[in-house]
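Hi there,

Here is the structure I promised to pass on. Have a look at it first, and then read on for what turned up.

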Amino acid sequence: MKTFKIIICIKQVPMVSELPWDAKTGTLKRELAQGMMDPSSRRAVEAGLQIKEIRSAAGEHTQIIALSMGPPMAAEILYQAKAVGADKGVLLSDRRMAGADTFLTSFILAQYIKRQEPDVDLVLCGSQTSDSETAQVGPQLAGELCVPAIGYASDIKLQGNMVRVQRHVDDFLEILEMDLPGLVTIDQGAYDPRYTSLGGVQDAFYNAEDTASEDTAFEDAASEEGDIVQVDAKGLGLDPAFNAVKDSPTRILDVYSPTTQKENIVLKGAPKIVVDQLFDGYGKIISSAMGKDLKTHSHTGE
C-alpha cells in the first residue's frame, strides 16, 4: 500500500515583543530574537495530524514531513512538530539563503520538495505568518511545484485522489474540490492546535528510528541533528553565486512604527451648551462608533 505523504511548511517567527530590524538589509535579525512556531503554521500542523489520524483509523499509512527554512535555531519548531506527531523534520539552512523574500523562499522550498520528495501528495501551509502577513508563500510554492492550490481552508476532507476543502471567504461558505497532488493553506481561525505531551517531547528528541535515508549526493550536503535533517544551499543544488539578499526581487525601502497625533479640544460653557457643541461637532462620529442615530436637542428657552 502506497504511503500518503504530507509536507507541512512551517516557520519560526520572532516573539511579538522582539522584532530586531536590520535597516541596511531590510530584513529581521532572526538570530537575535527568541523564536516560536508561527500560529498559522501550528494550525497547518494540526490539520495534517487530523488527516493522518483519520487515515490511520481506516488502516492507511500516512507520513508527515515538517519542512522549514531558517537559521539553525529554527530546528526548535521542527522538534515541536515531531513532538505532536510529525514523522520527520527537515531544516533548510544556509547563510546564502538568509534574507530571502517570499519569491525566493518559495523557490528554495520547492527545490527540496522536487529533489527529495517528488511523490508528495499534499502540501500544507499556514495562510500567512505573523511576522510579515503577506500570504504569498503558499500560492507561490504551488506555482513552483506546478500543482493546484486552495487558500484559507477551514476544513479538509480526503476523498480518494482528491481533497474537499471548506472555507469562509467574504461572508460566504465555499466548498471546493481539488485533485491531488495539491497545496492547501490553513485559515488562521481553523484547527485549534493540540497540547504537546511529555511523551511526545521525549519521542521528538530521542527517537530517530523514523529518519528516512537520503541518497548519497544529498547526504554530502546535509547533516542530521538527532532525526532533524539539515540541508544547505549545496544540497539543494543552488548556484554557487546564489545570495538571497541580493537576488530577492523585493526591496524594503523603510520600516517605521506608525504614530498618531491627537488634538485636544476643550468645550466651555454651561453643561447643556457643551453637550450641544459636542453633538454638533462630533455627532456623526459618535453615532458611527455606537451604531445608533443620535439626535441633538435645542435647549433654548428651557
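How do the residues of the lining of the second largest pocket divide into nonpolar, polar and charged? Before the answer, please keep in mind that this is a predicted model. The lining divides into seven nonpolar, three polar and five charged residues. That makes up the 15 residues that line the pocket, and F4, R55, E60, L158 and G160 are the ones that lie nearest its centre. Helix α1 and strand β10 (155-159) each supply at least two residues of this lining. The space in the second largest pocket comes to about 240 Å³.

Next, the nonpolar cores. The largest one has 35 residues, and those with the most contacts inside it are I10, L124, I156, V184 and I186. Two or more residues each come from β1 (4-9), α1 (39-57), β6 (62-69), α2 (75-84), β8 (122-126), β9 (149-153), β11 (162-169) and β13 (182-186). Of these elements, α2 gives the most, with six residues. As a general point, nonpolar side chains in soluble globular proteins tend to be buried together.

I156 is a good residue to click on if you want to see this core from the inside. Leaving aside neighbours within four places in sequence, I156 is in contact with I51, L124, V163, R164, V165, V184, I186 and Y191. Apart from the largest core lies another, of 29 residues, including C9, V123, A142 and L145.

You may also be wondering about the cysteines. The count of disulfides is zero. Take C125: the closest cysteine sulfur to its own is in C9, at 4.1 Å, and because a disulfide needs the two sulfur atoms within 2.5 Å, this pair is too far apart for a bond. C125 has 5% relative accessibility, and since buried means under 20%, C125 counts as buried. C146, on the other hand, has 71% relative accessibility, so with the cut-off for exposed at over 50%, C146 counts as exposed.

One last residue to look at is S106, which sits in helix α3 (residues 102-116). Is S106 buried or exposed? With a relative accessible area of 0%, S106 is buried. Beyond the neighbours within four places in sequence, S106 is in contact with V137, Q140, L141 and E144.

Happy browsing, and best wishes!

Methods: Residues numbered from 1 in each chain as written. Predicted model: local features only at pLDDT ≥ 70, side-chain atom pairs only at ≥ 80, totals over all residues. Heavy atoms only, no water. Core = buried A, V, L, I, M, F, W, Y, C linked by side-chain atoms within 4.5 Å. Buried < 20%, exposed > 50% of the residue type's maximum accessible area, 1.4 Å probe, protein only. Helix = DSSP H or I, 4+ residues; strand = E, 2+ residues; numbered from the N terminus. Contact = heavy atoms within 4.5 Å. 1 Å grid on protein atoms, 1.4 Å probe; cavity = no way out; pocket = protein on both sides within 12 Å on 5 of 7 lines; lining within 4 Å. Points joined across faces, edges and corners; volume = space filled by probe spheres on them. Nonpolar A, V, L, I, M, F, W, Y, C, P; charged D, E, K, R; others polar.
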